[in-house]
Amino acid sequence: MSSSVSIGPAQHSPIGTTLERHLLDRQRQMPRATGDFTGLFQQISLAAKIIGSRVSKAGLSGILGRTGTTNVQGEQVQKLDDFANATIVNTVEAGGHVCVMGSEEVEGPIQIPSEYPQGKYVLQFDPLDGSGNIDINASIGTIFSIHRRLTPDGTPGTLRDLLQPGSDIVAAGYVVYGSSNMLVYSTGDQVDGFTYDPGVGEFFLSHPNIRIPQRGSIYSINEGNYHGWTEGVQKWVDWIKAPSENKRAYRLRYIGAMVADVHRTLLRGGIFVYPADTKNKQGKLRLLYEASPMAFLVEAAGGTASDGDRRILTIEPKELHQRTPVFMGSPDDVADALRFARA
Ligand code: FBP
């Protein structure tokens, strides 16, 4: 667990505990807690409720399709990307808990307007992960991580506050908008999942202490990129999908939204991989608001997360939107993949 978090150790809250109550119970464990962390988390969960509500009726509310603009990644921006980004910024900026934010949809640091307090935390997020799935009604999500600021208290946050390694994450989480909406988070000690009940308008603890299996039977990768991979990765995929004496053939599952593919991997085991290829020399996924927060969760659940050479959490970020190759999941499955990839 990160030393600088102002919330107590993970609780063994009973199933059905609300997220709010779960956070307050943890806060009470920490005599020095100021309530800042709990306050920030409540704003994140409120933003998730607003986004989830819009996603669930996207086809009816004219929010499908593109805005016609291109983001810093060179991607066509979806209307829901914009809506989700604005919802998180508007919900969090006035709360006084953060000093700066970083988003997939915004080129530079998102400053907190001067009329609001400059808080002690730093929030990074992918407002809508899996944008390609929006118009086809497949699972999408929101990914976030929280760091403590490095620059002096009370001053506007800077890029330096955003360029922090995953190993200094205070908390990370994601929301998956799927058959049901779930918020999964960790402060490093355990991973807890909460399911949203739209009838009550609240997240309830449904998956306490998620532990990833040591080995799974599912691999998740976009095989359409096969010809752009290194020989090592090609050999790994050829091996994992072929039955052999001491191994059965793994099943391929690829939803095309990292948040959903990693969610399944956390619950069922196996491995999710987005390697570098001739098109994406550094891989496709972004370090600060995709790979790092998901790596933090996978490791907290007992899994492994590597860029092929080192733990993703040890990577020192240089740029806000830098990319990284990703190998994450069950320890035995990631070890197999790295053995091939490094050969
Ligand atoms: P965004 O949708 O946030 O840009 O995320 C990137 C992403 O959609 C991941 O969620 C997913 O794992 C990957 O890209 C899918 O990429 P591809 O279509 O190349 O397999």
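**The ligand and its surroundings**

In this predicted model, an N or O atom in the side chain of Tyr-274 lies 2.6 Å from an oxygen atom of the ligand, a polar contact being a pair of N or O atoms within 3.5 Å. Glu-104 brings a polar side-chain atom to 2.9 Å from a ligand oxygen, and for Glu-75 the corresponding distance to an oxygen of the ligand is 3.5 Å. The protein covers 86% of the 470 Å² of accessible area that the ligand has on its own (Shrake-Rupley method, 1.4 Å probe).

Who else is in the neighbourhood? The ligand is surrounded by 18 residues, each with a heavy atom within 4 Å of it; Asp-129, Ser-131, Tyr-254, Met-258 and Tyr-274 are the closest. Of this shell, 7 residues are nonpolar, 4 polar and 7 charged, where Tyr and Met count as nonpolar and Asp and Glu as charged.

Strands (DSSP runs of E, at least two residues, numbered from the N terminus) help to build the shell. Both β5 (121–129) and β13 (271–274) supply at least two residues, and β5 gives the largest share, with 3 residues.

Strand β13 also belongs to an open sheet of 5 strands, ordered β12-β11-β13-β15-β14 with mixed pairing; two strands pair if DSSP finds at least two bridges between them. At the edges, β12 (251–252) and β14 (304–306) each pair on one side only. Strands β13 and β15 (residues 326–329) run antiparallel and are joined by 4 bridges. Tyr-274 appears here again, with Val-326 in β15 as its bridge partner.

Residues are numbered from 1 along each chain as its sequence is written. Local features need pLDDT of at least 70 and side-chain atom pairs pLDDT 80 or more, while totals for chains, interfaces and linings use all residues, and side-chain values use heavy atoms, without hydrogens and water.

Terms used:
Polar contact = N/O pair within 3.5 Å; in protein donor to acceptor, adjacent residues only side chain to side chain.
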